Amino acid sequence: LRPLTRLRPKPLDVVLAVLCVPSTIIGALAVGDSFGALEIAVIVVSATLVLLRHYAPIPVLAAAIGASVVSVALMDRPNVLIAVVVLLVFTVAVERDRRTGVYAGLAGIAGLLVVVGIQNDPHELPGPLLAAVAWPALAVAAGDLLRSRRDQPRHRRDPCRARLGSRRGRD
C-alpha cells in the first residue's frame, strides 16, 4: 500500500468517478424515486472507490461488494455500485496474477448473486442471474487478456518485427 498523500488518480478514474453522479441521478429519476441522502451516499462511495481502485484493488473490491449489497438492500433497485464492482474485478484481473483475478471474479459473481437475490422476485431471476455471472466473468477475461498481452515481450506481439530482427542478425 502506498501512502494516501501520494495518491494521484489517473484522468480516466476521475472521469469515471464524475460519471457516477449522472448515472445515480438518472437511475433515481427513471424509477420515479426522489433524490435523497441515500443517493448522495451512493455517489460519494462509488466515486471514492473508483478513485482508490489502483491504490489497493483487492480491499477496494471487497468494500465495493459490501457497499453494493447494502445499497441495493436499502434502495431496492440497482445502482452504480454494481458497475463499480465489475470495474474493480477488471482492475484486479489486470493488476494482479491470473489466480487472484479469478478469485476476484468469483467474489464479484458471489456479491452480484446476492444483489440479484435481494433485488428480484424468484420468477424474474433467469436474466439477472445470467448478468450477475457474465459481467464479472467478462471482466476477468478482458483483464487477464490485457495483463498477459502487456506482459508479453514486444517481439512476440509483432511477428513482422521479430522476423526483421532475426534477419538483421544474419546479414
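Here a visitor asks a guide about the words used for this predicted model.

Visitor: What should I know before we start?

Guide: Local features in this predicted model need pLDDT of at least 70, side-chain atom pairs count only at pLDDT 80 or more, and totals for chains, interfaces and linings use all residues. Residues are numbered from 1 along each chain as its sequence is written, and side-chain values use heavy atoms, leaving out hydrogens and water.

Visitor: How many helices and strands are in the protein chain?

Guide: Eight helices and zero strands. Both are DSSP runs numbered from the N terminus: helices are H or I with at least four residues, strands E with at least two.

Visitor: Why are α1 and α2 called roughly antiparallel?

Guide: They pack at an angle of about 160°, with their axes 9 Å apart. Axes are lines fitted to C-alpha atoms, for helices over the stretch in contact, and angles run from 0 to 180 degrees between N-to-C directions. Angles under 35 degrees count as roughly parallel, over 145 as roughly antiparallel, 65 to 115 as roughly perpendicular and the rest as oblique. So α1 is roughly antiparallel to α2.

Visitor: What makes D13 and R53 a salt bridge?

Guide: You need a side-chain nitrogen of Lys or Arg within 4 Å of a carboxyl oxygen of Asp or Glu. For D13 and R53, the closest N and O atoms are 2.7 Å apart, so the pair fits the rule. D13 lies in helix α1 and R53 in the loop between α2 and α3, so the bridge ties together parts that are 40 residues apart in sequence.

Visitor: How do you know whether D13 is buried or exposed?

Guide: Buried means under 20% relative accessible area, exposed over 50%, and partly exposed in between (1.4 Å probe, protein chains only). D13 has 1%, so it's buried. R53, its salt-bridge partner, is buried too, at 6%.

Visitor: And E39 with R77, what holds those side chains together?

Guide: Another salt bridge, at 2.5 Å from N to O. E39 sits in helix α2 and R77 in the loop between α3 and α4, so this pair ties together parts 38 residues apart in sequence. E39 counts as buried because its relative accessibility is 6%, and R77 does so at 7%.

Visitor: Why does I25 count as partly exposed?

Guide: Because its relative accessibility is 32%, which falls between the two cut-offs for buried and exposed. You'll find I25 in helix α1.
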